[in-house]
Structure formats: structure tokens, C-alpha cells
Amino acid sequence: MNYDFTTLPDRSGTTAEKFVNMRRIDPSVPPDIVPFSVADMDFLPPPQLIKGLQDFIGRTIFGYTLTPDSYYETVLDWMHRRHGLNIPREWLVDADNVIAALRQMIEAYTAPGDGIIVMTPAYPAFLSSVEATRRSLLACPLKLENNRYSIDYNVLEELCRREDAKLLVLCNPHNPVGRVWNREELEQVARICLAHQVFVISDEIHWDLILPGHTFTSMASLAPDYVRNCAVSTACTKTFNMAAMKGAVVILADEQRRADFLARNGVSGRDLLSYTMPEIAYQTCEDWLDELLVVLDGNRKLMEQFMTERLPEVGVIPLEGTYLQWLDFRFLGMEPLEQADFMAKRARCFFTEGYKFGPGGAGFERWDLACPQSVLLAGLERMEQAVKSLKR
């Protein structure tokens with residue numbers, strides 16, 4: 001390894017969200033406990049990113065600045081090099097972040113009371129975005145068979161036939177179940193939605209975080225008719241652990257949809273660094289990303305081996321993309337809040353609780369694997385001790 005993925009950054013005394021939330025739940029938690037909840041990484045940032053920012057800040061005046069052409073050129077180059085996409089410049093639209101873009105598109109393309117289809121369990125911000133915009137949630141539960149999730153196309157088509165169904169929120173790779181939807185699956189979704197005039201918003205913010213043995217396909221790479229019926233939202237903030245920074249792009253092929261979104265988007269609140277950081281990351285940190293994927297795959301294997309050998313009751317859903325491991329703890333037989341209390345107070349493992357992901361989430365836990373192996377192993381051992389204490 002050329003990069004340091006073993007040092008744990010000290011975030012305990014900061015306002016890092018996951019640490020603040022942990023201490024709100026349990027102020028007595030020992031100082032060496034690292035939570036596994038919020039989806040950011042407990043790794044040191046890429047050194048090239050830090051050096052590039054230092055150099056940039058040293059020569060920059062922070063006055064009003066327009067978006068540099070080099071930003072778009074860098075983003076388009078990354079999309080082509082990493083994902084095989086050839087996107088016209090005019091298809092790219094700026095956004096503060098993918099969730100802000102999602103809400104703006106919901107408001108631009110639907111009316112209050114319209115139905116928004118979401119494949120559940122789903123990232124909680126998808127669910128809250130539907131509620132916040134006063135739309136109706138149409139849950140499309142994923143099928144869990146033989147420990148693997150798949151899309152229920154019959155349910156999806158039934159929902160798309162509804163007169164009030166206007167939009168589908170797709171997540172690829174899927175948060176929280178970790179599936180990387182393949183081309184055949186995406187084409188089936190696209191075909192159903194186009195046939196019933198349901199627009200697709202594909203959140204692909206984790207598209208760079210694909211584990212070895214799996215291949216990512218963007219909705220933006222499908223046939224032209226399907227691409228015109230979708231928007232693809234993404235960013236580099238997950239890829240390079242810059243989650244607190246603003247900055248996202250939306251791929252919108254349809255000119256009218258693009259105009260409607262821009263009318264809602266208004267004046268962007270993005271700052272100068274939100275353009276500079278992606279340029280530095282995409283241009284200089286690709287080697288860091290390649291090593292990160294090896295480390296994440298090692299953590300995935302450690303998790304699977306530990307559970308197989310020492311906690312076989314826990315269902316480990318195969319992880320294909322993201323660094324978010326979805327685990328089945330339904331064998332505990334606990335109510336959601338009881339299970340949350342057990343995980344926090346007994347196991348000292350602080351997660352994003354499964355019930356927060358909507359229908360199909362209760363009894364599950366989402367475990368963030370983006371941490372040094374020593375941190376992951378300590379959490380696994382605490383979990384083992386807590387679960388086995390129930391049998392005494």
C-alpha cells in the first residue's frame with residue numbers, strides 16, 4: 001500500500017455528526033469507541049488532495065468567481081475514463097448536493113399529492129424528501145431471496161400504472177442493501193417507467209465505490225429514449241471522503257426537463273472550493289481510490305469471515321458496492337427501538353438503524369465499513385460479546 005489506511009483520525013472532540021449523535025445517545029460511551037453510522041470514512045484524506053488545496057489557497061483570492069470551464073472538463077473526463085460515458089457538456093447541471101437536487105426535481109416534475117416510487121428499504125433522505133415536498137410515498141419493496149436482494153418488477157409495474165405515479169427514485173449502487181444493479185436490471189426498470197411515463201431519478205453518488213468482481217452501469221449509458229426519461233445525480237464527495245463539501249452534478253438529457261430543473265434551482269450556493277476540490281481529486285487521487293477499494297474489500301471479507309465463524313446467526317447481505325454493509329439481526333426478535341438500544345448500550349456499536357430505511361428495514365442494521373481494520377475488528381468483538389451475553 002502506498003497510502004495510509006491504518007491510522008484512525010481523531011474526530012472524537014470535533015462536531016463530526018456521527019460522534020455528536022453517539023454521545024447524545026449515550027454520554028458515557030468510552031473515548032475509544034468509533035460509531036459505524038453516518039456514511040463517511042474514518043480514514044485520512046488523500047494526501048494529494050490536502051497538498052493541492054494548500055497550494056490553491058496559497059495563491060487564491062476568494063472573491064466572486066464563476067464556475068471554471070476546467071471543472072466541467074475534469075468531470076466529463078472522469079465520467080468517460082471511469083464509467084465509459086460520453087456526455088455532452090450541456091447535459092450537466094450544477095447542484096449543491098444530490099439530495100437538494102432530488103427535492104428540486106421532485107418539485108419541478110411533480111405536484112403535491114403525486115406519487116413518488118421508492119424501492120425500499122431506502123436511504124432515509126429519500127423518504128423524508130417525499131414527505132417534505134408533500135408528495136405521496138409509493139413503496140416498492142425489494143425482494144430478499146437466498147440472502148440477495150432483487151427488484152420486484154411486477155410490483156414496480158403495478159405502481160407505475162397508477163394515475164398518480166409520476167416519478168421513481170432509483171439508487172445505484174443501492175443504499176443500504178449494497179446491490180449494484182446490472183444493465184439488464186436497469187433496462188427493465190427503464191422500459192417499465194418509460195412505458196407508463198414515470199420519470200426516473202437515479203442517485204449514483206456511490207458509483208465509484210464498486211467492489212472487485214462487480215461492474216457498474218449508469219442509467220446515463222442506456223438507450224437514448226431511456227436516457228431522456230431519466231436524471232442521473234452524482235458527486236465525488238463520497239468517493240474521496242469530502243461529504244461535508246458542497247458539490248454535485250445532474251445529468252439531464254431532456255432539454256425541457258433541464259430548463260424546468262434550472263428554474264427551480266435558482267442561484268447556486270456553491271463556494272469556490274466546491275469546484276476546486278473535485279478538480280484536484282479527479283486529477284490526482286485516482287490511485288488513492290484504487291487502493292481504497294482494495295481496503296474496503298478486505299473489510300468486507302473480514303466482516304463475512306468473522307460472522308461466519310463467530311456469529312453465524314447474523315445474516316450478511318453480499319456487498320457489491322458502497323462501503324455500507326447491510327446486516328440481518330432479525331434473529332434477535334426485538335422491536336426496533338429495543339434493538340437500537342441493544343446495539344448502542346450493550347454492543348457499543350452505533351449504527352443507522354434499519355427501521356429508519358422504511359418498509360423492509362426493521363431488524364436490520366447498516367454498518368459503515370470505511371474505517372481501519374483494527375476499528376472494525378474491535379466493533380465486531382463488542383458485537384460478539386453482546387449477542388452471546390443474551391444466551392447466558
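Phe5, Phe43, Trp78, Phe240, Tyr282 and Trp288 form one aromatic cluster. The rings considered are those of Phe, Tyr and Trp, the last through its six-membered ring, and two rings pair if their centres lie within 6.5 Å. Planes under 30 degrees apart count as stacked, over 60 as edge-to-face, and the rest as tilted. By this rule the structure holds 17 aromatic pairs. One of them joins tyrosine 71 and tyrosine 72, whose ring centres are 5.2 Å apart with 70° between the planes, an edge-to-face arrangement. Both tyrosine 71 and tyrosine 72 are buried, where buried stands for under 20% relative accessible area, exposed for over 50%, and partly exposed for values in between (1.4 Å probe, protein chains only).

The model is a predicted one, in which local features need pLDDT of at least 70 and side-chain atom pairs count only at pLDDT 80 or more, while totals for chains, interfaces and linings use all residues. Residues are numbered from 1 along each chain as its sequence is written, and side-chain values use heavy atoms, with hydrogens and water left out.

The overall dimensions of the chain come next. Its secondary structure amounts to 13 helices and 13 strands; these are DSSP runs numbered from the N terminus, with helices (H or I) of at least four residues and strands (E) of at least two. A compact globule of 392 residues would have a radius of gyration near 21 Å, and the chain agrees with this because its own value is 21 Å. The radius is taken over C-alpha atoms, and the globule rule is 2.2 Å times the number of residues to the power 0.38. Along the principal axes, the C-alpha atoms fill a box of roughly 65 × 55 × 35 Å.

Of the 392 residues in the chain, 56% are buried. Among contacts with a separation of 6 or more, 74% are between residues 24 or more positions apart, a contact being heavy atoms within 4.5 Å. The exposed area of the chain is about 16800 Å², of which carbon and sulfur atoms supply 49%; the areas come from the Shrake-Rupley method with a 1.4 Å probe, and for residues only the protein chains shown count as cover. The chain carries 40 positive and 53 negative charges, and the mean positions of the two sets are 3 Å apart. Lys and Arg count as positive and Asp and Glu as negative, without His and the chain ends, and each charge is placed at NZ of Lys, CZ of Arg, CG of Asp or CD of Glu.

Several loops merit a closer reading, beginning with the backbone. The peptide bond from threonine 120 to proline 121 is cis, with omega near 5°, and proline 121 belongs to the loop between β2 (115-120) and α5 (124-132). Alanine 122 is placed in the loop between β2 and α5 and counts as buried because its relative accessibility is 1%. Not counting residues up to four places away in sequence, alanine 122 touches Leu127, His174, Asn175, Pro176 and Phe357. Its C-alpha lies 9.0 Å from that of glycine 360, although alanine 122 and glycine 360 are 238 residues apart in sequence.

Proline 359 sits in the loop between β12 (352-353) and β13 (364-368). With residues up to four places away in sequence excluded, proline 359 touches Thr120, Pro121 and Ala139. Proline 359 is partly exposed, since its relative accessibility is 41%.

A second cis peptide bond runs from asparagine 172 to proline 173, with omega near -5°. Proline 173 lies in the loop between β6 (165-171) and α7 (183-195).

Positive phi values in residues other than glycine also occur. Arginine 134, in the loop between α5 and β3 (136-141), has phi near 60°. Arginine 134 counts as exposed because its relative accessible area is 59%. Asparagine 241 likewise has phi near 60°, and its place is in the loop between β8 (230-234) and β9 (248-252).

Finally, histidine 214 lies in the loop between β7 (199-203) and α8 (224-228). Its relative accessible area is 34%, and histidine 214 is therefore partly exposed. Apart from neighbours within four places in sequence, histidine 214 is in contact with Leu319 and Glu320.
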